[in-house]
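I opened this entry to look up some salt bridges and a pocket, and I note below what I found for each.

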Amino acid sequence: MSDTRRRVKVYTLNEDRQWDDRGTGHVSSTFVERLKGISLLVRAESDGSLLLESKISPNTAYQKQQDTLIVWSEAENYDLALSFQEKAGCDEIWEKICQVQGKDPALEITQDPIDESEEERFEEMPETSHLVELPPCELARLEEIADLVTSVLSSPIRREKLALALMSEGYMKKLLQLFQVCEDLDNREGLHHLYEIVRGVLFLNKAALFEVMFSDDCIMDVVGCLEYDPALVQPKRHREFLTKTAKFKEVIPITDSELRQKIHQTYRVQYIQDIILPTPSVFEENFLSTLTSFIFFNKVEIVSMLQEDEKFLTEVFAQLTDEATEDGKRRELVNFFKEFCAFSQTLQPQNRDAFFKTLANLGILSALEIVMGMDDLQVRAAATDIFSYLVEFSPSMVREFVMQEPQQTDDDVLLINVVIKQMICDSDPELGGAVQLMGLLRTLIDPENMLAPTNKTEKTEFLSFFYKYCMQVLTAPLLANTVDDKHSKDLQEGSTKINPVCPGALRFMRRIIGQKDEYYNRYIIKGNLFEPVISTLLDNGTRYNLLNSAIIELFEFIKVEDIKSLIAHIIDNYYKALESIEYVQTFKGLKGRYEQEKDRQTQRLNRSVRYRRDPRTLDEDEEMWFNEDEDDDEGEAIEKSRPEEEFPESYGKYIEAKKVKESEDKENFPKRTPTGSFKFTFSHSTGAANGTNGANGKPAASTTSPNSSPVKSTASPATPVVKVSFPCQLPF
C-alpha cells in the first residue's frame with residue numbers, strides 16, 4: 001500500500017511504563033467476522049504480517065494526542081498507541097472510531113464506561129451543559145477549585161469535561177499567575193491548594209493541557225506549584241536545581257532554536273515525572289500514560305532533528321577526535337553522544353538503523369578507538385556505553401570496521417585490542433567495566449552471531465583476523481602466569497618436572513576440541529599444538545595419574561568422534577612417538593581409523609580416475625559438434641570416430657551397470673543422423689561378444705566412420721559389447 005496517510009507505527013506500553021515499538025505498517029478499519037465488529041488492522045509494510053487486530057469497542061476510551069497519535073487501553077496494564085505519519089490519516093481513523101462509538105470527532109477522548117447511575121444522571125443534564133462550571137480564578141476560590149479537580153478524577157466523563165473547561169479562556173495560565181501572587185505574599189495555604197490543583201490537572205492525562213503547562217512561559221511555574229506539597233514541612237527547591245545546578249551545556253552551539261527549546265522541555269518534563277511527582281498508586285498509574293507518551297515522542301523528535309543536522313554532527317566528531325581538544329571538552333562531547341545514543345532507543349527499527357549508520361559513516365568507531373584508550377575514567381566509561389549500543393545494534397558492522405582498520409605495526413592500537421586491554425586492566429575492584437566489556441567481546445567473537453546469509457564468509461574472515469591480531473593480546477595474562485609458574489613453581493614427580501598450569505591448559509584444549517569445529521581444528525594443526533601435549537604424556541612416563549588419564553581421554557575422544565583432520569595430523573606427525581604406548585589401545589585405534597580413511601580415499605580416487613574424462617576432450621567434442629552443424633547446413637553428413645585411446649576400457653561395464661534393468665529387446669539407440677542426432681548399437685549375445693554370429697546368424701559387425709577403427713572390447717564373454725557411432729556427448 002502506497003498511501004502514506006495510513007502509514008503508522010504501533011507501540012505498546014511495557015511494565016516499566018516505556019513505549020515499545022512493535023513495527024511499522026498501514027492501518028485500516030474493517031469488519032472482522034471473528035470479532036463481530038469493526039476493527040483496526042495494521043499490516044506490516046515489510047511482509048504484510050498482522051501487527052495489530054483490535055476491535056473498536058463501544059466502551060473503550062480512545063485519546064487523540066498531538067494531532068498524529070491515538071492511544072487507548074485494551075486490558076488492564078495493556079496500553080496501545082498508533083503514531084501516524086500524516087495528520088490526515090490520524091483524523092480519518094479517529095472519525096471512524098468516533099462513528100462506531102457515536103461520539104463527536106471534535107473531542108480528543110471518547111467516553112470510558114461509567115456506572116449506570118452516573119450515566120443516567122448525565123443523560124438528565126441539559127444538552128447545553130457540555131463543560132464543568134469552574135469557579136472564578138481568584139485567590140479566595142482556590143480551595144473550591146482544588147476540591148473540584150480532585151473530585152472528578154474518578155469519573156472519565158467529568159475528567160474530560162473539566163479538561164475542556166480548563167483549556168477555555170486561558171484558565172490554566174490564570175491559575176499559574178495566581179501562583180506568583182501567592183508566593184509573593186507567602187500564602188502557604190493558597191500554595192498548598194495550587195499543589196493539589198496542578199497535580200490533579202496532570203492526572204487528567206490531557207496532551208492539550210500539557211502543551212500549555214510545559215510551554216516556556218509556564219513550565220517553571222508548574223514546577224514551583226509542585227514544590228509546595230502539604231505533606232512537607234519545607235518546600236522543595238526544584239526550580240533552583242533546574243536553573244542553577246542543572247546547567248545545559250552546548251558542546252557545539254545549537255543554532256536551531258526549536259531544537260534547543262525541545263531539549264529544555266524534555267529534560268524538565270522528565271524531571272517532573274521522575275523526581276517531583278510521587279510514585280502513583282495503582283489507581284493513578286494509567287493517569288500519567290499521556291505524560292509518558294509526551295516525553296517519548298519528544299525524544300524521537302530530538303534525535304530526528306539532530307540526525308538531520310549533518311553540519312552539527314560533523315563538528316562534534318571533529319572536536320572529539322582532535323588531539324588539541326581539552327580533556328573537559330572531550331568529556332562533554334562523549335557524554336553528549338552517550339545521551340544521544342540513549343535517546344535513539346526510542347526510534348522505530350528502521351529509523352534506528354538509519355541513525356546508527358549515520359554515526360558509522362561519520363566515524364563513530366574511529367572516535368571510540370581513540371577515547372577508549374584515554375586515561376580519563378569518565379570518558380572511558382561513557383565510551384564503553386556508546387560501544388555497547390553499537391555492538392547491540394549490529395555486531396557485523398563493528399566486525400567489518402575492525403577488519404578494515406589499517407594494519408598497524410603495533411596491534412595494541414586496534415579497536416578490539418583496546419577493548420581487551422581495558423577489560424584486563426579494569427581498576428574497579430568489583431570489575432564492573434570488565435564484565436561489561438567481556439560481554440561485548442563475547443558477542444563479537446560468538447560464531448552464532450556470524451551466520452547471516454548475506455555474508456557467509458564473515459565467520460571465517462573475522463575469526464582469522466581475531467586469531468592473527470588479537471588472540472595474543474587476550475591470552476597475554478595467561479601466558480605470563482604460565483611463564484612465571486614454569487620458572488618458579490614446577491611440580492616434582494619422581495625425576496620429572498611437570499608444570500602445574502599444564503592440567504588447566506589441557507582442560508582448555510579439551511573443551512576446544514569438544515566443539516568439533518573444523519576452524520579450531522585447523523588452528524590447532526597449524527600451530528602444532530599437540531606437540532606439548534604429547535611431550536607431556538611422554539615425560540609423564542608410565543605413571544597412572546590424573547594427568548595421564550586426561551591426556552588419554554583427549555585422544556580417545558578424537559578417536560570415538562572420528563575427527564578425521566586431527567587423526568590424520570596426529571598419525572602423520574606423532575605416531576612414531578606414540579606407537580610404543582600399548583597399555584591402552586587408543587593410539588592403535590587412531591592408527592586403524594587413519595588407515596580406514598586412507599583406504600576409502602584411495603578407492604574414491606580410483607573411481608574418480610576411472611570415470612574422469614580429460615577436459616580437453618570435451619573441447620574437442622564441442623568443436624566437432626559445431627563443425628558438424630556447419631556441414632549439415634551444406635547438406636553433407638560427416639561422421640567422425642573417436643580415437644580408441646581416449647576411452648576407458650571399463651566404459652562397457654559402465655553402460656552395462658546403467659542398463660542392467662532394461663529389457664532385452666532395446667537393442668538400438670538412435671544412430672547419428674545428418675541433422676546432428678546420434679545413436680548407439682548394443683549387441684547382448686555371447687556370440688557377439690566373442691566375434692561370432694549375432695542374433696540373426698550373421699557376424700555382428702562394428703559400425704565405424706570411414707576414417708576410424710572399431711572400438712575394441714576387453715569385456716568377458718558374458719559382458720555385452722558396446723558399439724558406438726561418433727561424435728557424441730557421453731552421459732558423464
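I looked first at R399 and E458, and both are buried (under 20% relative accessible area with a 1.4 Å probe on protein chains only, where over 50% is exposed and in between is partly exposed). Their side chains meet in a salt bridge at 2.9 Å, N to O, a term I use for a side-chain nitrogen of Lys or Arg within 4 Å of a carboxyl oxygen of Asp or Glu. Because R399 sits in helix α17 (residues 395-404) and E458 in helix α20 (residues 458-469), the pair ties together parts that are 59 residues apart in sequence; helices here are DSSP runs of H or I, at least four residues, numbered from the N terminus.

I should record that this is a predicted model, in which local features need pLDDT of at least 70 and side-chain atom pairs pLDDT 80 or more, while totals for chains, interfaces and linings use all residues. Residues are numbered from 1 along each chain as its sequence is written, and side-chain values use heavy atoms, with hydrogens and water left out.

The structure holds 26 salt bridges, and I looked up another, between K262 and E301 (3.5 Å, N to O). This pair links helix α10, which holds K262, with helix α11, which holds E301, 39 residues apart. K262 counts as buried at 13% relative accessibility, whereas E301 is partly exposed at 30%.

I then turned to R604, which forms a salt bridge with E597, the closest N and O atoms being 3.4 Å apart. R604 is partly exposed, with a relative accessible area of 40%, and E597 counts as buried at 14%.

Conventions
Helices (H or I, at least four residues) and strands (E, at least two) are DSSP runs, numbered from the N terminus.
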